[in-house]
Amino acid sequence: METEEFRRYGKEMVDYICNYLETIKNRRVTPMVSPGWLKDEIPTEAPFHPEPFDDIMKDVENKIMPGVTHWQHPQFHAYFPSGNSYPSILGDMLSDAIGCIGFSWAASPSCTELETIVLDWLGKAIGLPDEFLTIPSRYRGKIEDEQNQHKDTDIPNNIDVTKSSGGGVLQGSASECVFVCMLAARAQAIKRLKKIHPFVEEGVLLSKLMAYCSREAHSCVEKGAMMAFVKLRILEPDEKNSLRGITVRQVMEQDEAMGLIPFFVSTTLGTTSCCSFDNLLEIGLVCKQFPAIWLHVDAAYAGSAFICPEFRQLLNGIEYADSINLNPNKWLLTNFDCSAMWVRDRLKLTSALVVDPLYLQHGHEGAIDYRHWGVPLSRRFRSLKLWFVLRNYGISGLQKYIRKQCQLAKKFESLVRADKNFEIANDVKLGLVCFRIKNDLSNKLNKKLLECINDSGKLHMVPAMVHDKFVIRFCVVAQHATEADIEYAWKVIKELSAEITCTEKELDRERHEALTEQSDEVFELSERKKKDDLAYKRSFFVRMVSDPKIYNPKIAGAAPSSRRHTHVSSMDDEYDRKAASIDFDEEEEEEISTPTSASWISWPLAFLFQGVLDENSGSNDVPVRFRHLDTKVHFKSKRENARKSPSPENLAIEEDKSDKSDKSPKFTPVQRRKFMAQQHPNSK
């Protein structure tokens, strides 16, 4: 591309960017694509021949934009703000055009010195102590007087940075800031311990180091501890999700008693889940009681709000900190990447990271080389865009922007509190509101609501866990957000909430009806079974009276042609033939020895047999098989059971029977009736 082409397409690109940002509200917030979708839209190999830039821009709109999540959308309320503004875009364009790699002062003096100055500007704007600034304090009064008089600040050239020990630097992200500070703290701790234990290997000393953070701290603290090969203890915050000094002191004292060495504490001002604030003042006082503790403050999101004096009380205790970071690319209208970090003593930071090969050395010993302040060597000219933003908006313009965002968050909070079906789950201090549907113990409704919100494409939010409750995070992020946007978002949330509530109620009603219907069916079947069983039992009793074969297996076995209600096994064939050859009449029945067999009978007959056998002089053991139980039961006569029972009553019965003759006649039912008739001839 030649210069004239760049001039033409550059103007077209600016027009495209302006149109995109002006019409972004007409787009869906989140895309409707699945992983891997783009490989079907773009060729698998790069083109061999050059393609027209017009074709590239067509593909941007037709193939790239359908998969973009629009962070600048007025209805994007997820995560935290993704800072952006026209001055920032222009500053980044200029930085890309210059294309310098500012790893040292000599590599690009302006890149280094502008970063130093801009970080001091921002540090003063948020109220950092002098120890965190690079510009000597003797210039502070002059600078503040000129700022108050709305004059251009005349910062002298060739600043003698050796007069101040602190300073600021721009990193790529808050994760880099935390990791770099942890490395510096580790190096200082090892250095101190080597003086005390000069003959102990560094690996042994390293194994004793312990870092600390809150459960609400960002995951980058845990990741940094993993990369630094140090132990990390995660502490529980209080009921407001704030880490307290007493918690830190107790745990650190316990670890010291166990031979561990506390060396690093990471606090958070504006946690990711609910924007809570650790008690920095309490923790700072505790850290001063322990030797060589590095206290870091992660204020990635909330730190930008300290540009407003009314929020600076949240920074109380910063005088005890060794380092702090905030992200202008979150809430100060500066696009990514731009994470600011300040240290109280830059020598403690750089001593852990200095590697000085000959090809990177230069003759300006008093200058700052930012290659010693972080992990990467190569560095972009990031300070340009922050410089553009600070100058174009001014401190007052940024304060107005922050205050407007906080007012909109309070507006949303008031709408939620006015609805009896919802509740607020955090202390709304800045631009984040955590809310949820009330009385959702299982979190089912809130999860469903968030799913519906994001599936609708009208809004985008993400969840968090606050006090073990699933909450939905609503963050005000758009630069030009209005109350109408907040009211629209709440309208969508209420509509979707009403839909899922009605749906859940309908599902609950259907489940209840299904359970009720099932219960009714079971009840009906149970009642029917009871009736059938009762009728079945009654039929047996009626037939037992009219047909003696029903309850007397001997008679039933002797009449094979009759309807059998007992099933005799094939082992009884001999018995059946013998019984069939005997003639029975109504007055007499010969006793036949019945072989043991299993019979299928009903419960009432079982009890009847037991009663008969108590008085029957024949077999005292009839094995029966109940139809509803896969088991055999042998019924015993009461006389036989009494002989086997060790109870006093049974013993008395045995003694009583021993006095009687055991030669008493044994009768069959027919013989008994005949005998009774002979004894009482006059009775009927």
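Is aspartate 419 buried or exposed? Aspartate 419 is buried, with a relative accessible area of 11%. The views below show this residue and other details of a predicted model.

**View 1. A salt bridge joins lysine 494 and aspartate 419.** The closest N and O atoms of the two residues are 3.5 Å apart. Lysine 494 belongs to helix α15 (residues 483-546), and aspartate 419 to the loop between α13 and β8 (422-424), so this pair ties together parts that are 75 residues apart in sequence. Lysine 494 counts as partly exposed, because its relative accessibility is 38%. Aspartate 419 is the buried partner, at 11%.

**View 2. Aspartate 92 and arginine 380 form a salt bridge.** Here the closest N and O atoms lie 2.7 Å apart. Aspartate 92 is in helix α3 (residues 86-98) and arginine 380 is in the loop between α12 (346-350) and α13 (383-417), so the bridge ties together parts that are 288 residues apart in sequence. Aspartate 92 counts as buried, at 11% relative accessibility. Arginine 380 counts as partly exposed, at 30%.

**View 3. A network of salt bridges includes Asp92 and Arg380.** The other residues linked in this network are Asp96, Asp337, Arg382 and Lys385. In the structure as a whole there are 23 salt bridges.

**View 4. Within helix α1, glutamate 4 and arginine 7 lie about one turn of the helix apart.** Their side chains meet in a salt bridge, with an N to O distance of 3.7 Å. The two residues are separated by 3 positions in the sequence of the helix. Glutamate 4 counts as exposed, at 55% relative accessibility. Arginine 7 is partly exposed, with a relative accessible area of 45%.

**View 5. Val14, Leu90 and Met93 make up a nonpolar patch on the surface.** Together these three residues have about 240 Å² of accessible area. Valine 14 sits in helix α1 (residues 3-22). With a relative accessible area of 35%, valine 14 is partly exposed.

**View 6. Nine residues line the second largest cavity.** They are Gln72, Ser82, Gly83, Asn84, Lys330, Leu333, Tyr401, Val477 and Gln479. By type, the lining has 3 nonpolar, 5 polar and 1 charged residues. The space in this cavity is about 30 Å³. A search of the whole structure finds 2 cavities of 30 Å³ or more. Rolling a probe the size of a water molecule over the atoms shows where such empty space is left.

Technical notes:
Residues are numbered from 1 along each chain as its sequence is written. This is a predicted model: local features need pLDDT of at least 70, side-chain atom pairs count only at pLDDT 80 or more; totals for chains, interfaces and linings use all residues. Side-chain values use heavy atoms; hydrogens and water are left out. On a 1 Å grid over the protein atoms alone, a cavity is a set of points where a 1.4 Å probe fits but cannot get out, and a pocket is an open set with protein on both sides within 12 Å along at least five of seven lines; lining residues have an atom within 4 Å of a point. Grid points are joined across faces, edges and corners, and a volume is the space filled by probe spheres set on the points. Ala, Val, Leu, Ile, Met, Phe, Trp, Tyr, Cys and Pro count as nonpolar, Asp, Glu, Lys and Arg as charged, and the others, Gly among them, as polar. Patches are made of residues with over 30% relative accessible area and no salt bridge: like charges are joined within 9 Å, nonpolar side chains (Val, Leu, Ile, Met, Phe, Trp, Tyr) within 5 Å. Accessible areas come from the Shrake-Rupley method with a 1.4 Å probe; for residues, only the protein chains shown count as cover. A salt bridge is a side-chain nitrogen of Lys or Arg within 4 Å of a carboxyl oxygen of Asp or Glu. Helices (H or I, at least four residues) and strands (E, at least two) are DSSP runs, numbered from the N terminus. Buried means under 20% relative accessible area, exposed over 50%, partly exposed in between (1.4 Å probe, protein chains only).
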